[in-house]
Number of protein chains: 2
Amino acid sequence: MKIGILGTGVVGQTIAEKLVQLGHQLMIGSREKQTTLAKTGKDNFGRPPFSEWLKNNSKVQFGTYSEAASFGEFLVNATSGTGSIEALKLAGENNLANKVLLDISNPLDFSKGMPPTLTICNTDSLGEQIQRAFPKLKVVKSLNTLNAYLMVNPGLLPEATNIFMNGNDLEAKSEVRKLLTSFGWNSKDIIDIGDISTARGTEQILPIWVRLWGALQTPLFNFKIVVGNK
Amino acid sequence: MKIGILGTGVVGQTIAEKLVQLGHQLMIGSREKQTTLAKTGKDNFGRPPFSEWLKNNSKVQFGTYSEAASFGEFLVNATSGTGSIEALKLAGENNLANKVLLDISNPLDFSKGMPPTLTICNTDSLGEQIQRAFPKLKVVKSLNTLNAYLMVNPGLLPEATNIFMNGNDLEAKSEVRKLLTSFGWNSKDIIDIGDISTARGTEQILPIWVRLWGALQTPLFNFKIVVGNK
């Protein structure tokens with residue numbers, strides 16, 4: 001499959017590496033190619049600059065948001081939440097129409113320091129805002145509730161855990177489910193919570209996620225939903 | 001121990017039953033005794049009226065918020081979140097001073113129908129509001145992330161799950177931890193996330209909790225945090 005990823009940070013890179021391994025054709029996009037390539041030094045996670053990553057991942061094509069969105073039959077939003085709507089606008093409505101978007105973004109505001117707060121919550125969600133702004137796009141929120149390395153390697157944890165899906169389009173959710181199972185997720189562990197408004201719930205997990213990272217002293221954890229007998 | 005519970009709903013009743021079984025002396029309090037006793041018919045959960053419950057739980061004393069708070073050396077807030085601050089005001093600041101309050105409340109707003117939204121979130125929490133309003137009270141938020149029957153019966157689920165604690169006072173958290181282990185929780189499964197501001201995280205779990213109840217078709221579930229090797 002031809003897949004376009006918006007966002008060149010740790011989430012975009014990690015997802016891109018996995019998708020290349022799985023045999024897909026990949027283009028990863030940023031706002032301005034030259035600015036992204038000109039970055040030097042390590043990022044906030046201690047990772048090398050993007051240009052070095054790109055050299056080491058030569059099968060990944062690199063383009064603008066618009067080029068990546070045009071290239072992909074299937075799209076992934078791995079931009080930071082505060083920039084997601086603008087990134088999708090730059091991608092171009094025509095390049096988005098009728099495509100599935102796996103939306104991994106979270107509306108986190110780090111501008112007031114740690115821990116981050118949410119720029120959107122309670123009566124709305126970033127998933128819903130994206131769906132409203134681009135009605136022809138089939139937005140499926142998923143994978144936004146765990147660390148990037150775990151997204152593509154659920155087996156790193158000692159037992160099976162859960163991820164969630166939110167979206168209005170059943171067929172699009174079925175496509176995302178297929179992709180996630182190719183990442184190593186058991187289909188039964190992917191919980192379809194409902195339409196895109198249920199993204200309020202998954203995005204609002206972030207505040208406890210961030211604090212658990214502190215309490216547990218590692219970002220390598222995930223939620224497992226344990227259900228009793230009905 | 002002499003324990004005062006504020007709130008006569010399903011959470012207050014369930015906690016009271018367990019505490020009586022464990023040999024504690026109990027008083028459960030409501031805003032106006034006569035109004036609470038005059039209730040007829042089943043509640044939203046299909047449970048009989050409070051007066052009938054009280055008859056069947058004759059070891060539980062019944063009083064006003066103020067009487068229950070005065071009676072208890074240890075207090076439990078099981079009121080609905082929108083009424084918690086007022087309930088504690090009626091309980092009386094002198095009856096609260098220097099006592100531990102296990103705060104189980106959630107700031108849920110059902111006034112616009114289902115699913116509920118939160119009356120407080122993101123940059124504040126009900127736990128923090130209570131702590132600010134009553135600085136001498138030692139507020140420990142816990143048990144607010146799961147169904148009442150599971151609070152006092154964690155073994156109803158097929159495997160061990162987690163609950164969280166938030167609070168500023170370490171000694172108070174240690175007292176709450178002791179009480180929770182007497183309910184059947186393993187001490188290692190009670191995660192102390194940090195000071196009372198971390199209650200933002202646990203209270204904001206409610207939106208996904210409510211939607212998972214819908215998706216899973218049962219309220220008998222809980223979160224287990226699965227941690228990888230560091």
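## A guided tour of a predicted two-chain model

Begin by selecting chain B, where eight strands make up an open sheet of mixed pairing, in the order β3-β2-β1-β4-β5-β8-β9-β10. Strands (E, at least two residues) and helices (H or I, at least four residues) are DSSP runs numbered from the N terminus, and two strands pair if DSSP finds at least two bridges between them. At the edges of the sheet stand β3 (60-64) and β10 (190-194) of chain B, each with a single partner strand, so one side of each has no neighbour in the sheet. From one strand to the next, the twist averages 25 degrees.

This is a predicted model, in which local features need pLDDT of at least 70, side-chain atom pairs count only at pLDDT 80 or more, and totals for chains, interfaces and linings use all residues. Residues are numbered from 1 along each chain as its sequence is written, chains are lettered from A and ligands numbered from 1 in the order in which they are written, and side-chain values use heavy atoms, with hydrogens and water left out.

**Within the sheet and on it**

Select strands β1 (residues 2-6) and β4 (residues 74-77) of chain B, which run parallel and are joined by four bridges. I5(B) has V76(B) as its bridge partner in β4(B). Next, add helix α11 (residues 206-216) of chain A, which packs on the sheet and touches β9 (163-167) and β10 of chain B; contact means heavy atoms within 4.5 Å. The direction of α11 of chain A makes about 100 degrees with that of β10(B). Axes are lines fitted to C-alpha atoms, for helices over the stretch in contact, and angles run from 0 to 180 degrees between N-to-C directions. Helix α1 (residues 10-21) of chain B also packs on the sheet, where it touches β1, β2 (25-30) and β3 of chain B.

**Helix pairs**

Keep α1(B) selected and add helix α9 (residues 170-183) of chain B: their axes come within 10 Å and cross at roughly 85 degrees. The two helices are therefore roughly perpendicular, a label for angles of 65 to 115 degrees, whereas those under 35 count as roughly parallel, those over 145 as roughly antiparallel and the rest as oblique. Here I15(B), K18(B) and L19(B) of α1(B) meet L179(B), S182(B) and F183(B) of α9(B).

In chain A, select helices α5 (residues 84-91) and α7 (residues 126-133), which pack at an angle of about 25 degrees with their axes 10 Å apart. These helices, α5(A) and α7(A), are therefore roughly parallel.

**The two copies**

Display both chains. A turn of 180 degrees and a shift of 0.0 Å along the axis lay chain A on chain B with an RMSD of 0.0 Å; copies are superposed by least squares on the C-alpha atoms of residues with pLDDT of at least 70 in both. The two copies are thus related as by a two-fold rotation axis. Among the residues of chain A, K224(A) comes closest to this axis, at 2.5 Å (C-alpha).

**Individual residues**

Select T202(A), in helix α10 (residues 199-203) of chain A. T202(A) is buried, at a relative accessible area of 0%; buried means under 20%, exposed over 50% and partly exposed in between (1.4 Å probe, protein chains only). Among the residues that T202(A) touches are F164(A) and I208(B).

Finally, go to Q217(A), in the loop between α11 and β11 (221-227) of chain A. Although not a glycine, Q217(A) has a positive phi of about 65 degrees, and at 61% relative accessibility Q217(A) is exposed.

Technical notes
Lists of a residue's contacts leave out its neighbours within four places in sequence.
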